[in-house]
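Open the model in your viewer and keep the sequence panel in sight. This tour tells you what to select at each stop and what is there.

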Amino acid sequence: TKKIILDCDPGHDDALAMTLAVASPKIELLAVTTSAGNQTPDKTLNNAMRMLKLLGREDIPVAGGNRTPLVKPLETAGEVHGESGLDGYPLPEPDFQPVELTAIELIAKTLKESATPVTLVVTGPMTNAALFLRVYPELAKAKIDQIVYMGGAMGLGNWQPSVEFNIFVDPEAAKIVMNFGIPLVMAPLNVTHQAQILKPEIEALRQIKNPVGQAFYGLLSFFERYHENPKWGFQGAPLHDPCTIAWLIEPEMFQTEKMNVDVETTGELTRGETVCDYYELTGKPQNTEVMLGINRQRFIELIMEALHSFD
Ligand code: BDR
Ligand code: CA
């Protein structure tokens with residue numbers, strides 16, 4: 001099994017990433033930390049806890065992270081994820097507490113307690129990840145084998161013409177993480193926009209009678225509505241964040257390329273753009289394995305299996 005820490009900002013697709021991780025026998029979810037992003041920090045923390053309760057995994061320690069990005073003021077994505085950050089289904093309110101540690105303290109504790117390397121999965125802005133690497137660089141190098149993240153794109157944007165939301169929120173944090181030296185695996189928009197759940201597949205979730213399936217029927221129906229605008233050209237909703245967990249479970253599902261990826265932090269039009277050196281023009285180290293293709297059919301099967309595992 002692969003041990004992971006999930007740093008997320010739930011968020012509909014973050015919630016599904018968490019669910020895939022909990023459902024998979026190949027993954028051991030050691031801890032969850034939350035970032036400010038899709039919604040304010042209190043809401044994303046509460047959403048992570050509501051999800052763990054739904055999944056029956058209140059035993060997994062949770063901690064809230066930094067309240068703002070490193071440099072920029074926080075901007076959230078209420079139009080995508082709703083007022084709560086997880087609109088579309090009345091999730092149970094948690095009856096447990098987050099641990100009395102900050103996110104980076106929980107990451108440190110979890111790594112120290114693990115005898116073997118741990119993968120850090122980041123599905124929100126990289127604020128916590130960057131702070132962790134700055135405060136605990138030696139521990140990070142000794143214990144984190146790779147950082148798998150959803151963020152950025154090669155030549156696309158979903159928040160600004162060339163800027164993806166997670167990197168948009170905290171570009172300075174992303175720059176720290178990308179230049180730290182731990183191997184990175186990136187799920188950019190190029191792959192996550194292929195990782196769509198189609199409208200009839202969302203409809204089919206209604207037939208999954210367990211509480212987790214029912215919740216995702218409501219949640220993804222809500223999430224899909226934002227993506228109905230024809231400007232995107234979608235036939236459903238892109239499941240960005242679950243690509244990270246799917247890659248850990250079944251990497252054969254993806255086509256990847258290694259290259260250098262860095263972040264623009266000063267551009268007039270491009271602050272937060274991920275600069276992907278596909279043709280090795282810079283000679284800089286290939287710090288990132290970039291997902292570029294996915295077997296969508298298999299990805300959806302994996303999600304359906306995961307949701308049915310709660311029967
Ligand atoms: C990313 O932004 C968030 O809204 C999603 O949860 C995902 O992590 C996609 O750009
Ligand atoms: Ca997210």
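**Stop 1: the ligand shell.** Select ligand 1 and the residues around it. By class, this shell holds four nonpolar, seven polar and four charged residues. Keep in mind that the model is predicted. The shell counts 15 residues, and those that come nearest are Gly11, Asp13, Ala77, Phe165 and His240. Two helices, α1 and α7 (165–169), each supply at least two residues of the shell.

**Stop 2: the turn into α1.** Stay with Gly11. Gly11 sits in the loop between β1 (2–8) and α1. Show the backbone here. Which form does the peptide bond from Pro10 to Gly11 take, cis or trans? The bond is cis, with omega near -10 degrees. Gly11 is also among the residues that come nearest to ligand 1.

**Stop 3: the whole chain.** Zoom out and colour by secondary structure. You should find 13 helices and 11 strands. Taken along the principal axes, the C-alpha atoms fill a box of roughly 50 × 45 × 35 Å. The radius of gyration is 18 Å, which agrees with the value near 19 Å for a compact globule of 311 residues. Buried residues make up 52% of the chain. Now consider contacts between residues at least 6 apart in sequence: 81% of them join residues at least 24 apart.

**Stop 4: the core.** In soluble globular proteins, nonpolar side chains tend to be buried together. Here the largest nonpolar core has 99 residues. Select Ile4, Leu6, Ala21 and Ala129, which touch the most other members. Helix α1 (residues 12–23) gives the most to this core, with eight residues. Now centre on Ala21. Leaving out residues up to four places away in sequence, Ala21 touches Ile4, Leu6, Ile27, Leu29 and Ile245.

**Stop 5: strand β1 at Lys3.** Select Lys3, which lies in strand β1. Lys3 has 19 other C-beta atoms within 10 Å, so it counts as partly exposed. Leu30 is 27 residues away along the chain, yet the two C-alpha atoms are separated by 6.6 Å. Add the contacts of Lys3, not counting residues up to four places away in sequence: Glu28, Leu30, Ser114, Thr116, Val118 and Thr119.

**Stop 6: helix α4, two sides.** Select residues 103–113, which form α4. Colour the buried ones: Ala103, Ile104, Leu106, Ile107, Thr110 and Leu111. Look down the helix axis. These buried residues fall within an arc of 160 degrees, so they line one face of the helix. Then turn to the other side, where Lys112 and Glu113 are exposed.

**Stop 7: helix α8.** Move to residues 171–178, helix α8. Why is α8 described as largely enclosed by the rest of the structure? Six of its eight residues are buried, so the helix is largely enclosed. Those residues are Pro171, Ala173, Ala174, Lys175, Val177 and Met178. Show the partners they pack against: α5 (127–135), β5 (144–150), α7, β6 (184–187) and β9.

**Stop 8: Pro69.** Keep Ala173 of α8 in view and find one of its contacts, Pro69. Pro69 lies in the loop between β3 (62–64) and α3 (78–81). Is Pro69 buried or exposed? Pro69 has 23 C-beta neighbours inside 10 Å, so it counts as buried. Beyond four places in sequence, Pro69 touches Leu74, Pro125, Thr127, Val169, Asp170 and Ala173. Draw a distance to Thr110 as well: the two are 41 residues apart in sequence and 23 Å apart in space, C-alpha to C-alpha.

**Stop 9: Glu264.** Go to the loop between β9 (254–263) and β10, where Glu264 is placed. With 19 other C-beta atoms within 10 Å, Glu264 is partly exposed. Its C-alpha is 6.4 Å from that of Thr274, 10 residues away in sequence. Glu264 touches Thr270, Arg271, Gly272, Glu273 and Val275, again leaving out residues up to four places away in sequence.

**Stop 10: Glu280.** Finish in the loop between β10 (274–277) and β11 (288–294), and select Glu280. Check its backbone: phi is positive, about 55 degrees, although Glu280 is not a glycine. Glu280 has 11 other C-beta atoms within 10 Å and is exposed.

Key:
Residues are numbered from 1 along each chain as its sequence is written. Chains are lettered from A and ligands numbered from 1 in the order in which they are written. This is a predicted model: local features need pLDDT of at least 70, side-chain atom pairs count only at pLDDT 80 or more; totals for chains, interfaces and linings use all residues. A nonpolar core is a set of buried Ala, Val, Leu, Ile, Met, Phe, Trp, Tyr and Cys residues joined through C-beta atoms within 7 Å. A residue is buried if 20 or more other C-beta atoms lie within 10 Å of its own, exposed if 12 or fewer, and partly exposed in between; C-beta atoms are placed from the backbone. Helices (H or I, at least four residues) and strands (E, at least two) are DSSP runs, numbered from the N terminus. Two residues are in contact if their C-beta atoms, placed from the backbone, lie within 7 Å. The radius of gyration is taken over C-alpha atoms; the globule rule is 2.2 Å times the number of residues to the power 0.38. A residue is near a molecule or strand if its C-beta atom, placed from the backbone, lies within 6 Å of it. Ala, Val, Leu, Ile, Met, Phe, Trp, Tyr, Cys and Pro count as nonpolar, Asp, Glu, Lys and Arg as charged, and the others, Gly among them, as polar. The arc is that of the directions from the helix axis to the C-beta atoms.
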